[in-house]
Amino acid sequence: MCLGIPGQLVRWVEREGIFSQAEIEFDGVRRVVHMACVTEAEVGDYILVHAGIAINRIDAREAERIFETLAEWGDDEGWHESLPEGGEHES
Amino acid sequence: MCLGIPGQLVRWVEREGIFSQAEIEFDGVRRVVHMACVTEAEVGDYILVHAGIAINRIDAREAERIFETLAEWGDDEGWHESLPEGGEHES
Amino acid sequence: MKYLDEYRDPAAAQVLLDEIRRVSTRCWTLMEVCGGQTHSLLRHGIAAELQGTVELIHGPGCPVCVTDQADIDFACQLAKRSDVMLTSFGDMLRVPGSQGSLLDARTRGGQVRIVYSPLDAVELARRQPEKQVVFFAVGFETTAPATALAVKQAAQYQLDNFSLIVSHVRVQPAMESLVESPDHRVQAFLAAGHVCTVMGYQSYDRFVARYQLPVIVTGFEPLDLLQGILAGIRQLEAGEAWLENCYSRAVQVAGNQSARDLVQEVYQVSDCRWRGFGLIASGGLSLREPWLRFDARARFAECGLPVILNSACRSFDVMTGQLKPPECPHFGKQCTPETPLGAPMVSSEGACAAYFRYAGV
Amino acid sequence: MKYLDEYRDPAAAQVLLDEIRRVSTRCWTLMEVCGGQTHSLLRHGIAAELQGTVELIHGPGCPVCVTDQADIDFACQLAKRSDVMLTSFGDMLRVPGSQGSLLDARTRGGQVRIVYSPLDAVELARRQPEKQVVFFAVGFETTAPATALAVKQAAQYQLDNFSLIVSHVRVQPAMESLVESPDHRVQAFLAAGHVCTVMGYQSYDRFVARYQLPVIVTGFEPLDLLQGILAGIRQLEAGEAWLENCYSRAVQVAGNQSARDLVQEVYQVSDCRWRGFGLIASGGLSLREPWLRFDARARFAECGLPVILNSACRSFDVMTGQLKPPECPHFGKQCTPETPLGAPMVSSEGACAAYFRYAGV
Amino acid sequence: MENHQQIMTSSWQLNCPIQIPAETDCVTLAHGEGGRLSRKLIQERIISVLKNESLETAGDAARLPRVEGPLALTTDSFVVSPLFFPGGDIGSLAIYGTVNDLAVSGARPLWLTLSLIIEEGFPLLILDRVLQSLAEAALSTAVKIVAGDTKVVPRGTVDGLFINTAGVGELTEPVPPGPACLREGDELVVSGPIGQHGIAVLAAREQLQFDPLPHSDCGSLLKAVALLRGALGDRICCLRDATRGGVAAVLQEWAESSGLTLSIDERCVPVSSGVKGMSELLGLDPLHIANEGTMLIAVRQGAGPAAVSVLQTLSKTAEARVIGSVKARGVAAVTVKRTLGPEQPLHDPLGSPLPRIC
Amino acid sequence: MENHQQIMTSSWQLNCPIQIPAETDCVTLAHGEGGRLSRKLIQERIISVLKNESLETAGDAARLPRVEGPLALTTDSFVVSPLFFPGGDIGSLAIYGTVNDLAVSGARPLWLTLSLIIEEGFPLLILDRVLQSLAEAALSTAVKIVAGDTKVVPRGTVDGLFINTAGVGELTEPVPPGPACLREGDELVVSGPIGQHGIAVLAAREQLQFDPLPHSDCGSLLKAVALLRGALGDRICCLRDATRGGVAAVLQEWAESSGLTLSIDERCVPVSSGVKGMSELLGLDPLHIANEGTMLIAVRQGAGPAAVSVLQTLSKTAEARVIGSVKARGVAAVTVKRTLGPEQPLHDPLGSPLPRIC
Ligand code: SF4
Ligand code: SF4
Ligand SMILES: [Mg+2]
Ligand SMILES: [Mg+2]
Ligand SMILES: [Mg+2]
Ligand SMILES: [Mg+2]
Ligand SMILES: [Mg+2]
Ligand SMILES: [Mg+2]
Ligand SMILES: [Mg+2]
Ligand SMILES: [Mg+2]
Ligand SMILES: [Mg+2]
Ligand SMILES: [Mg+2]
């Protein structure tokens, strides 16, 4: 459900209101995407796009987490002792 | 102008009013023709048809005239003395 | 086919030809009014046979040729509307308006459909209530009964999606306008047989009396034409001018009363622009008051277009017998059936097209 | 591609797989809510690798699968009108209504056009003012911001030829209705990542508290899924049940506030018929008062149709995890992608289609 | 569903004699997209009807044995509307058209390719009927369909069904040399009554409501050509099936190729009574109307009557006639003698003749 | 006249790079009806561009010299929309498609037939452009177009222009035996990055507004096939251009013919970055997307690397890769290895993939 693909913001086309748009690059091809819901993004950010509109920015810091965790596991012989959190916790 | 073709009435389809129609045969093919203007025709009559409607009956007697005239000319050594009338005369 | 083939008999035609040659003391100039007669004269080789004996000049009798460009433009405009199906006879499709022909309009996306009969267009309107079916009603008095009947049927069926572009023209006013011109050369007329089938020929009495020119009601087959020509020449040789019917198997003196009534009920005589002629008083027909709801001009009032006239074409001269088509400077050069400058080159009945086809270029 | 390819790394996946196997003391039953997750699990071989370790059952998360047949029938009816251009996502075209699919409607003459975005449908309406452009708005909360934006743009452009068939559904009420059923087998949920991208996941607090089931917000790539599964199993092994976000690069706790505002402004929560489920309270969205003029149901009120439900399909059981697709008696026999008995076989996200494609028949 | 059915059938004119059940299966885009449904359509509906080895094993191209003589190669697309007409249909036409082109070129037809372009929504039952007719025509002319292609295009992008056939034949000696070899005195023969196909299709398409509908002459000329070549050998100059543009178009092309005048007598040209009636009524000239199983033959001076008597032994060409001869180039490339007087130029029509009323 | 122009161009998608002047000439029905305009169109616009003797003297069929070897015969109709797309157009496609079918069948392409079906109203300038492109493709592949046909159909009965080509070639030894000869261990090679044609056409047709538009791989495989056959000889089992249905469809057909399982590794299959990005965005699988200048090759065990290194000497096939091998028949006819675990069955798509959002 809800195919959402990350692409990189290369250019703002229009930054105001419900018609705001930016050019997003997906591995070599670009498309103008509606940005009404992600107005705060900057050129260079990765944007999650669904059905032609941006639904979020990709959080670059959070994106690294899993790899850091896996790296820790790999470094640490006893990695299975210090079980990593899979994600942030909200009770 | 005004392609008018003679065909033979083979069957009345409808004899009343503006919707009256009859089947007319043209050398092997038949078509239903509007007869509103030639209501008095009988089966066997030849009908002059233009744009799908009958515009007259062919007068079989008059149709012979020219051949009778030509026949007379042919019979008569002195035919060019008694010049035939080409048609009926209306002053 | 009975009543066609026997009138094409070569031996009989030869007898009439010989007789025409025998009675002619000079080369008389006859006008065949009708384009169908022109084609038949050329197609069957009669014009060629009579060369030098009789001069046959071509009259205005091609309703397709004389249909006003403004009407064609209007038809093309309607054809391009997505809600309209424009219907007409096949003849009309190649005649150029100021912006191209109906065939061009179709090529550019318009919906244009050929019908054999106006009544078939009424049927289309009944079967396709979501379409506005417009019939482009061209033709002389011969065709007017069929389109009048179509209007009456549409009224009976209470169709509100059928209408006409009425471009009917009347032949006799055109003949009058022609002989009123000081430089006309016509010495006798072969009147158009099928117009007379409908209208009769009483109305020519006054014409003959006034202009002192023989008028011969003439049919379309070789023997009919030869008989008409012979009759005309005999009158001319005798110095007479009267009204004669050489097509008596199809024409009665009063014409077809039912057909005339039908025309009379639906149409009224009106002034009319003839292509190549200009405005001819009483030269056409228009719908009478009670039938005006079937007038496409009223229904699609917003579609009018200015007319751009093509001034190069010499059709007026051709259709008034002033000019033989090959004498037109454009004939066979800029003007061919593929690239017609004028209607007479494009209608299948047009005099220029007839020369182009049958006389060889 | 950045943020895709690295999450498909086989070596990293292998590490997570090993860890899942290591921590599992028994075979837990997890439901992945979203059809996209189902496809990814099968496509990338994860489901096969975890066989016997974890039981993955498929949730109701394919908006195409749960779209009510009555809506599809209505869309097909509209598509057949000559004045309507029906637009939708490619996904919807093969899903059968009671009288065939939109693709069938097109085959029978209807005008149906695929768009990539609802905003593209607004553009079509602007460019073709003579057409009524109807957008068939299916999708979960992820898609609702796009269609809400389309409505707002259409209003701004003052388009009176754009409307929506609103078939948006809400995922959480469906999860609730599922766990309310006494015989459900779900021990933890992988919540649908992109719905949470828009809506956030605060609303699951009550759900977790009430049903005492782990809920893990999970993404769509292999590493995302494995991470979500691992988190769920750890909770289960620890006897815990809390709300956890394993898709933090794309999901914040409050979701996307602008997108939520947009949805809130244009839509209201309403009861909704889910295909295979029946009426779900608060299970869908409908247009709010000020936007009702964009409701296709109101604009084409005369086009309603009675619904004929196909009772043979076991989609309710499949979508509530009661039945694996191959256990359906029709699967692969009467029911194939060519001849689907139910939506899950035809949507590219449907669980039955996923099994048919990736698991081999 | 009444409206539904109407939409389905109104967009092309089938004129098909079989009743289509409302629930009939239709061709869908998926049938043309290379997957399972494509293979199913091709296997179950096409190959099973046209059955022969080459077609069954064909991958990208058919593999065929070597041919002794030089080759002839031809192609035609068939776009007739309606698909069914009295006397034939698009399927038989697609075979006879290409077989006839090979035959009149002096070749023995060997193999045909078959390419179908089908509109989405086209009823499978109708497709079956076309293929059946096509298979029968192929069988009766002993040609093999060895390679094919099937495309399905979206609703509205083709009018129901178009068919292309290409044909390979082996030229057999003496190959008729063609119109460039014509010389004064050569004689022109027509193999049967003209105009039947064009009139039949026009009447069916425009729903002119004539009864009985005239029948097309759609059929094979293989036997007639074989007999003729056997009897006349190198006294045959050229042959041509008089398709689009009718006999007039063939005369025009031959006159242009030879630089001579081709002259015919209208009264010698056979015309069936139905064609005659409709031509008069619609203001058409049968010389300009298409045929699909009637040919024009030019033979050496004096060989006309021999050609005619050979042709008259076959029922299909029983009305063959000598219609004219080749003359030194006069005023016009093609001339016709009608009722009176000298020969008239026969005009080359601008486009297909339209029915007219004036 | 603005409305006018809009009507004219809206009915098919030209996507043509040249601006059409409003007053441009269009194809009319008369161009297809066998008269003067037909001959003019054929002489001035077609023959003059494709110039060669056979076509100029062709009557009903082209007369061709005899051929030494056995023959290959193929046909395809081209119905692509839009007519012009990045990397090619319907004209070049019609040549390369048929040339490639002959080449992968083991034949040297000799002659093509060309059949055009044109919609009334089609701009002549666009036709010229297509013919020019077609002529260049024919020249570059050294095939001769020897016979042709042109039909013009009324507005609305075809979508602009369809082209059929049929091709005759001479089979040269050793002819690749075909998929029935496959055995366990044989290796599967793809000649270049996949999915380019299908994605290019989809993006252009649906106006998905991507930039840069991906380019089609539309082009000739003649050279690649010749090099490959020269180097590998009878170690080649079969070749197939992976057109409709993409690589997946070819694998499926070969698996069916051989009764074995064809197994590939997705990570070895070359995919260009533009195609990758659009496939992800639209939810499509490049394995199912059409190619028009990329082929699949099956070679004997161990010959894969040799095939790849031969192909890599040509720029068009520089990215050739071994992508899998032939195995004993397992659960599925075709399998694919993706991220993890055992091989997945590769499904045979139902119809062409539709872009999707969920
Ligand atoms: S030849 Fe052409 S330009 Fe001259 S009068 Fe005739 S139609 Fe007009
Ligand atoms: S296999 Fe078919 S019938 Fe069974 S649940 Fe799935 S879609 Fe319904
Ligand atoms: Mg191929
Ligand atoms: Mg041919
Ligand atoms: Mg042919
Ligand atoms: Mg093919
Ligand atoms: Mg159609
Ligand atoms: Mg031929
Ligand atoms: Mg092929
Ligand atoms: Mg091919
Ligand atoms: Mg041809
Ligand atoms: Mg079109």
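Here is a short chat between a visitor and a guide about this predicted model.

Visitor: Let's start with the chains. Which chains share the most contacts?

Guide: There are 9 pairs of chains in contact to choose from. On the chain E side, 70 residues are in contact with 70 residues of chain F. The pair that shares the most contacts is chains E and F.

Visitor: How much area do chain E and chain F bury between them?

Guide: The size of an interface is often given as the accessible area lost when the parts come together. Here 52% of the buried area is on carbon and sulfur atoms. For chain E and chain F, the total comes to about 5600 Å².

Visitor: Which residues of chain E lose the most area to chain F?

Guide: Three residues stand out on that side, and together they make up 15% of what it buries. They are E:Asp60, E:Leu73 and E:Arg244.

Visitor: How many salt bridges does the rule find across the interface of chain E and chain F?

Guide: Let's begin with one you can look up: the side chains of F:Asp60 and E:Arg240 meet with N to O at 2.6 Å. That counts as a salt bridge because the cut-off is 4 Å between a side-chain nitrogen of Lys or Arg and a carboxyl oxygen of Asp or Glu. Across the whole interface of chain E and chain F, the number of salt bridges is 10.

Visitor: And how many residue pairs are in polar contact there, across the interface of chain E and chain F?

Guide: On the side of chain E that touches chain F, the residues divide into 32 nonpolar, 20 polar and 18 charged. For polar contacts, both residues of a pair must be at pLDDT 80 or more. Across the interface of chain E and chain F, the count of such pairs is 32.

Visitor: What kind of axis relates the two copies, chain E and chain F?

Guide: Two copies of a chain are related by a rotation about an axis and a shift along it. Chain E lands on chain F after a rotation of 180 degrees with 0.0 Å of shift, at an RMSD of 0.0 Å. So the copies are related as by a two-fold rotation axis.

Visitor: Which C-alpha in chain E is nearest the axis?

Guide: Both copies use the same surface, with 100% of the contact residues of chain E recurring in chain F. The C-alpha to look for is 2.1 Å from the axis. It belongs to E:Val158.

Visitor: How far apart are the centres of domain 1 of chain E and domain 2 of chain E?

Guide: Domain 1 of chain E runs over 3–171, and domain 2 over 179–345. Their contact takes 21 residues from domain 1 and 23 residues from domain 2. Taken over C-alpha atoms, the centres of these two domains are separated by 29 Å.

Visitor: How many salt bridges cross the interface of those domains of chain E?

Guide: Domain 1 and domain 2 of chain E bury about 1700 Å² between them, 64% of it on carbon and sulfur atoms. There are 5 residue pairs in polar contact between them. For salt bridges across that interface, though, the rule finds 0.

Visitor: Now the ligands. Which residues come nearest to ligand 1?

Guide: The shell around ligand 1 has 9 nonpolar, 3 polar and 1 charged residues. Of the 13 residues around ligand 1, five come nearest: C:Cys313, C:Arg314, C:Cys328, C:Cys335 and C:Cys352.

Conventions:
Residues numbered from 1 in each chain as written. Chains lettered and ligands numbered in written order. Heavy atoms only, no water. Near = heavy atom within 4 Å. Nonpolar A, V, L, I, M, F, W, Y, C, P; charged D, E, K, R; others polar. Least-squares fit on C-alpha atoms with pLDDT ≥ 70 in both. Contact = heavy atoms within 4.5 Å. Domains from an automatic or database assignment. Buried area = accessible area lost by both parts, 1.4 Å probe. Polar contact = N/O pair within 3.5 Å; in protein donor to acceptor, adjacent residues only side chain to side chain.
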